[in-house]
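Student: I would like a close look at one part of this protein, the place where the ligand sits. Please take me through that part and then through what lies around it.

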Amino acid sequence: MSNEEELARVVFSQGSENPLKEEQKEQTYKVSIKKLEAWFGTKQAIKDVSLDVKENTITAIIGPSGCGKTTLIRCLNRMHEMTPSSRSRGQVIIDGIDIYDRNIDPVIIKRRIGMVFQKPNPFPTMSIYDNVAAGLKLNGVKDRQLIDEIVKESLQGAGLWDEVKNELDKPGMGLSGGQQQRLCIARALAMQPEVLLMDEPTSALDPMASSKIEELVHDLKQELTIIIVTHNMQQAARVSDYTAFMYLGELVEYGPTKKIFENPQKELTERYISGKFG
Ligand SMILES: Nc1ncnc2c1ncn2[C@@H]1O[C@H](COP(=O)(O)OP(=O)(O)OP(=O)(O)O)[C@@H](O)[C@H]1O
Ligand SMILES: [Mg+2]
């Protein structure tokens, strides 16, 4: 059994069963968002958003500040509902299963749909190694050798291994900002997610560190489906296969990145990508 299989067996044998049963899959899109709406109290932040995402692609979500980008991706791993007085309506279907189905355990959803945040947020008291291993340990993985292997693979996957392999016991907080963000990516990868959500992962980084992350995102799409929020138009154009442009909680336009940037169908999209507002 490969590491992945072993981990999947260990992780998904915990608690509730794997919600994404083979026979239930109708494998067209990896992620299908249908008529999604989300509120904070009485304020509606997402309005009737429908969006289909293919497996092993990178989708960029762009749009001016406050248009609902973060809220949208937080609805994709059931983080939105953790905000007091928030609610949502509609469907998010991942691998053919509605993640808001009442039989689904949100904890399992968060394992399968990883997230990387705007500001690198390593666990402050933990070593580099423990930052990556924490999720596994929390999920009851005890086999030290297996954890070692997954930590190494995840750090390699995040393009950080060579820089930290001799100082795994040093604090994660001792790394540079760009390294910390790659550590957070390694931490997400250690849970072997199928979808990775990234909320402006490079906005706190310098250009060198940002381009490292962009390269990494490009490589990771072999294994994962990635949805990345960015304010950086060049980044969206460089890194993504599809682009979704949002405005005031609505999805204005969605399509292949080349088309959105070179031949947008809506005037609003054209004005935004050419920097006329935002
Ligand atoms: N915790 C919250 N409580 C109340 N309203 C919120 C909360 N978080 C976001 N909002 C509101 O929801 C709307 C969408 O916010 P969101 O953070 O999703 O936008 P965004 O597109 O990610 O913006 P930015 O580019 O600045 O990160 C905004 O009007 C915002 O004020
Ligand atoms: Mg945001």
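Tutor: What follows starts with the ligand, moves on to the elements that border it, and ends with the chain as a whole.

The model is a predicted one. The shell around ligand 1 consists of Phe-40, Lys-43, Ala-45, Gly-63, Ser-65, Gly-66, Cys-67, Gly-68, Lys-69, Thr-70, Thr-71 and Thr-83. By type, three of the shell residues are nonpolar, seven are polar and two are charged. Two elements, β2 and α2, each contribute at least two residues to the shell around ligand 1. The largest contribution is that of α2, which gives three residues.

Take one residue of the shell, Thr-70, which belongs to helix α2 (residues 69-75). Is Thr-70 buried or exposed? A residue counts as buried when 20 or more other C-beta atoms lie within 10 Å of its own. Thr-70 has 20 other C-beta atoms within 10 Å, so it is buried. Apart from its neighbours within four places in sequence, Thr-70 has contacts with Asp-199 and Val-229. For a residue elsewhere in the chain, consider Ala-236: it is 166 residues from Thr-70 in sequence, and the two C-alpha atoms are separated by 16 Å.

Next comes β2, the other element named above. Strand β2 belongs to an open sheet of four strands, ordered β2-β1-β4-β5, with antiparallel pairing. Within that sheet, β2 (43-53) and β5 (97-98) are the edge strands; each has a single partner strand, so one side of each has no neighbour in the sheet. In general, the strands of a sheet pair through backbone hydrogen bonds, and the pairing can be parallel or antiparallel. The pairing of β2 with β1 (residues 31-40) is antiparallel and runs over seven bridges. One pair of bridge partners is Ser-32 and Asp-52, the latter in β2.

Strand β2 also holds a residue with a less common backbone angle. Most residues other than glycine have a negative phi. Asp-48, which is located in β2, has a positive phi near 50° and is not a glycine. Asp-48 has 14 other C-beta atoms within 10 Å, which means that it counts as partly exposed. Leu-248 can be set beside it: this residue also is not a glycine, and its phi is positive, near 45°. Leu-248 sits in the loop between β9 (242-247) and β10 (250-256). With 14 C-beta neighbours inside 10 Å, Leu-248 is partly exposed.

Now turn to strand β3 (residues 58-62). Five of its five residues are buried, so β3 is largely enclosed by the rest of the structure. This holds for both faces of β3: Ile-58, Ala-60 and Ile-62 are buried on one side, and Thr-59 and Ile-61 are buried on the other. Which strands does β3 pair with in the parallel sense? One is β8 (residues 225-229), joined to β3 by four bridges and running parallel to it. Another is β9, which also pairs with β3 in the parallel sense over four bridges. Thr-59 takes part in both pairings: its bridge partner in β8 is Ile-227, and its bridge partner in β9 is Tyr-242.

A helix can be read in a similar way. In α4 (residues 128-138), the buried residues are Ile-128, Asn-131, Val-132, Ala-133, Gly-135 and Leu-136. The elements that cover these buried residues include α5 (144-157), α6 (161-164) and α7 (177-190). Just after α4 comes Gly-140, with a positive phi of about 90°.

Finally, here is the setting for these parts. The protein chain has 11 helices and 10 strands. Of its 278 residues, 42% are buried. The C-alpha trace spans about 55 × 45 × 35 Å along its principal axes. For a chain of 278 residues, a compact globule would have a radius of gyration near 19 Å, and this chain agrees with that, since its value is 19 Å. Of the contacts between residues at least 6 apart in sequence, 70% join residues at least 24 apart.

Key
Residues numbered from 1 in each chain as written. Chains lettered and ligands numbered in written order. Predicted model: local features only at pLDDT ≥ 70, side-chain atom pairs only at ≥ 80, totals over all residues. Buried ≥ 20, exposed ≤ 12 C-beta atoms within 10 Å, placed from the backbone. Contact = placed C-beta atoms within 7 Å. Pairing = 2+ DSSP bridges. Near = placed C-beta within 6 Å. Nonpolar A, V, L, I, M, F, W, Y, C, P; charged D, E, K, R; others polar. Rg over C-alpha atoms; globule rule 2.2 N^0.38 Å.
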